[in-house]
Amino acid sequence: MTHVMLDLETMGTRAGCAILSIGAVVFEPRNGSLRDEFYQSVFLEGQDKLGLHTSDSTLKWWNAQSEEARKVLTCPDRMELGSALDKFQEWLPINAYVWGNGADFDNPILAAAYAAFNMPQPWKPYNGRCYRTIKNLAPDLKLARSGTHHNALDDAKSQAEHIMAVAMRCNLTLA
Ligand SMILES: [Mg+2]
């Protein structure tokens, strides 16, 4: 199977919130490498009309994040959410395991965004995987961050490196 680490930057913490960016990377547990990357930032404007909410507490949280991370809110490369979802669907390898940071965060939030467009999520529902569960098997093995914390691609890459380190430590085979 192909493994994909997914990371979203969002305007909330539950399914149905607005999305600011989608980051993902293919990783290869057999040799510890990172492969194809995906990154797309999206316009917040208009997502409320799709029924995707912005949480006041998340808005406050964003105001406290680094200037570099907050560039997602204004960067010139943003596109409409629907186009970003199409682009992610085209990029995502067929039959990938999609790993999110928390069974209740990235995957269901992205699935809800697809549902807002009456589109099915582009991974099979039984191929969703939870990185948070795996990382808690080795709580002393800390994630080594590279790049900008809360940049969706940088987070996805750091998390992919981390899950492979945890798997090695715990002698887990991510088949
Ligand atoms: Mg993130």
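**Exercise 1. Identify the bridge partner of Gly23 in β3, then describe how β2 and β3 are connected.**

Solution. In this predicted model, Gly23 has Tyr39 of β3 as its bridge partner. The two strands β2 and β3 run antiparallel and are joined by seven bridges. Their connection is a hairpin with four residues between the strands. Within that turn, Gly32 adopts a positive phi of about 75°.

**Exercise 2. Determine how β1 pairs with β2, and name the residues opposite Val4 and Thr10.**

Solution. Strand β1 covers residues 2-10 and β2 covers residues 19-28. Eight bridges link these antiparallel strands. Val4 is paired with Val26 in β2, and Thr10 stands opposite Ile19 of β2. As for burial, ten of the ten residues of β2 are buried.

**Exercise 3. Give the strand order of the sheet and explain why β3 and β5 each have a side without a neighbour.**

Solution. The order is β3-β2-β1-β4-β5, an open sheet of five strands with mixed pairing. β3 (33-41) and β5 (128-130) occupy the edges; each has a single partner strand, so one side of each lacks a neighbour in the sheet. From one strand to the next, the twist averages 25°. Helix α4, formed by residues 106-116, lies across β1, β2, β4 (96-100) and β5. The helix runs at about 75° to β1.

**Exercise 4. Name the donor residues of the magnesium ion and state their spacing in sequence. Are Asp7 and Glu9 buried or exposed?**

Solution. The ion is coordinated by OD of Asp7, OE of Glu9 and OD of Asp155, at 2.0 to 2.1 Å. Along the sequence, these donor residues follow the spacing D-x1-E-x145-D. The cut-off for a buried residue is under 20% relative accessible area. Asp7 has a value of 5% and is therefore buried; Glu9, at 5%, is buried as well.

**Exercise 5. Check the span of helix α6 against its number of residues, then examine its burial and its two ends.**

Solution. Helix α6 comprises residues 152-169, which is 18 residues. The expected span is 1.5 Å times one less than the number of residues, which gives 26 Å for α6. The end C-alpha atoms of α6 lie 25 Å apart, so the two values agree. The helix is mostly covered, with 13 of its 18 residues buried. At its start, a side-chain oxygen of Asn151 comes within 3.0 Å of the backbone nitrogen of Leu153. Just after α6, Asn171 has a positive phi of about 60°.

Conventions. Residues are numbered from 1 along each chain as its sequence is written. This is a predicted model: local features need pLDDT of at least 70, side-chain atom pairs count only at pLDDT 80 or more; totals for chains, interfaces and linings use all residues. Side-chain values use heavy atoms; hydrogens and water are left out. Two strands pair if DSSP finds at least two bridges between them. Axes are lines fitted to C-alpha atoms, for helices over the stretch in contact, and angles run from 0 to 180 degrees between N-to-C directions. Contact means heavy atoms within 4.5 Å. Donors are N, O and S atoms within 2.8 Å of the metal (3.2 Å for Na, K and Ca); water is not among the atoms, so sites may look incomplete. Buried means under 20% relative accessible area, exposed over 50%, partly exposed in between (1.4 Å probe, protein chains only). A polar contact is a pair of N or O atoms within 3.5 Å; within protein, one must be able to donate a hydrogen and the other to accept it, and residues adjacent in sequence count only if both atoms are side-chain atoms.
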